[in-house]
Amino acid sequence: MTGALYAEDTGEGARALVLLHGFAGSHRVWEGVRRALPSGLRIIAYDLPGHARSLDVPGGGKAKATAQAVLADLEERGIGRCHMAGHSFGGAVAVLAAHFAPRSVASLALIAPGGFGPEIAGELMAARAEARTDEEMAAAVQGMFGPQARVPASVVKEAIRLGSVSGQREELIEISSLIVRDGTQGAFPKTMLEALSMPVHVAWGACDAVLPAHQADGLPEPFVVHRLPGCGHMLPEEAPAETARIIAASLGAG
């Protein structure tokens, strides 16, 4: 038995915004961002396969399968066109969704997205996946934030809660091994990124310890790049207001 892909679907606006979290997250990582977004949006925030309430959905850690699952779920919800925002692994998923269904994706906001270069701090992801104690979890989460950032207690508490769900830790270890292979991640061909026809905004923390900030260099000319000084990898939780501003800018462009 496998469960259905879970999403928190709220709002009744004419425009739909899809939110896709990163590795070891859930729809709840967007709570601060959502509070700062413009009103009048229908927001669909997913738990991606292998995570939280979608723990039993197959395809965890596989960006292509995850993109296809999201597109299929949106079709079932009757959403023919939407804006997408994705963080980290969710950013890679958003790129693939736009690649597979370009007429269905009005714009992209990619927050420290995966797949923009081979470098990735696999040891940080493994530490997050393997954390057993509260202290190990707090240290793993801190490693993904900026060096000067104070991690909110609520973020650590939520990570501990998710990690305590039966089967979640083992699933995250497996997903980490799929994303990071031989110390690197898969990268999109430049031609694929150049072929994206919708407006694309990319945000990156200058102190990102998971995916180096230089992966935002040399992107296709139409892309709008936002660099956040002092910030690390976890921008939706680390800088929610700024992340919301960037997503709002992408909505205006699309």
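So, let's start with what helix α6 packs against: its buried residues make contact with α4 (122–130), α5, α7 and α9. Keep in mind, please, that we are looking at a predicted model.

Which residues are these buried ones in α6? They are Val155, Val156, Glu158, Ala159 and Leu162. They sit on the same side of α6, because they cover an arc of only 160° around the axis. Now turn to the face pointing away from that buried side, and you'll find the exposed residues Ala153, Ser154 and Lys157.

Let's move over to α5, one of the partners I just mentioned. Its buried residues are Met137, Ala140, Val141 and Met144. Looking down the axis of α5, you see these buried residues fall within an arc of 95°, so they line one face of the helix. On the other side of α5, Glu135 and Ala139 are exposed. And what do the buried residues of α5 pack against? They pack against α4, α6 and α9.

Now for the pockets, where some of these helices come back. The largest pocket has a volume of about 440 Å³. It is lined by 24 residues, and the closest to its centre are Arg28, Val29, Val155, Glu158 and Glu237. You may recognise Val155 and Glu158 from the buried residues of α6.

Which helices each supply at least two residues of this lining? Here they are: α1 (31–36), α5 (134–144), α6 (153–163) and α9 (235–238). The largest share comes from α6, which provides six residues. As for the chemistry of the lining of the largest pocket, there are 13 nonpolar residues, four polar and seven charged.

Let's go on to the second largest pocket, which holds about 370 Å³ of space. Here 26 residues form the lining, and Phe89, Ala92, Gly115, Ile179 and Gln185 lie nearest the centre. Two or more lining residues come from each of α3 (89–100) and α7 (168–179). Of the elements involved, α3 gives the most, with three residues.

How does the lining of this second largest pocket divide into nonpolar, polar and charged residues? It has 16 nonpolar residues, nine polar and one charged. For the largest pocket, remember, the charged count was seven.

If you take one thing back to the viewer, try α6: its buried residues pack against α5 among others, and α6 also gives six residues to the lining of the largest pocket. Thanks for listening, everyone!

Terms used: Residues are numbered from 1 along each chain as its sequence is written. This is a predicted model: local features need pLDDT of at least 70, side-chain atom pairs count only at pLDDT 80 or more; totals for chains, interfaces and linings use all residues. Side-chain values use heavy atoms; hydrogens and water are left out. On a 1 Å grid over the protein atoms alone, a cavity is a set of points where a 1.4 Å probe fits but cannot get out, and a pocket is an open set with protein on both sides within 12 Å along at least five of seven lines; lining residues have an atom within 4 Å of a point. Grid points are joined across faces, edges and corners, and a volume is the space filled by probe spheres set on the points. Helices (H or I, at least four residues) and strands (E, at least two) are DSSP runs, numbered from the N terminus. Ala, Val, Leu, Ile, Met, Phe, Trp, Tyr, Cys and Pro count as nonpolar, Asp, Glu, Lys and Arg as charged, and the others, Gly among them, as polar. Buried means under 20% relative accessible area, exposed over 50%, partly exposed in between (1.4 Å probe, protein chains only). The arc is that of the directions from the helix axis to the C-beta atoms. Contact means heavy atoms within 4.5 Å.
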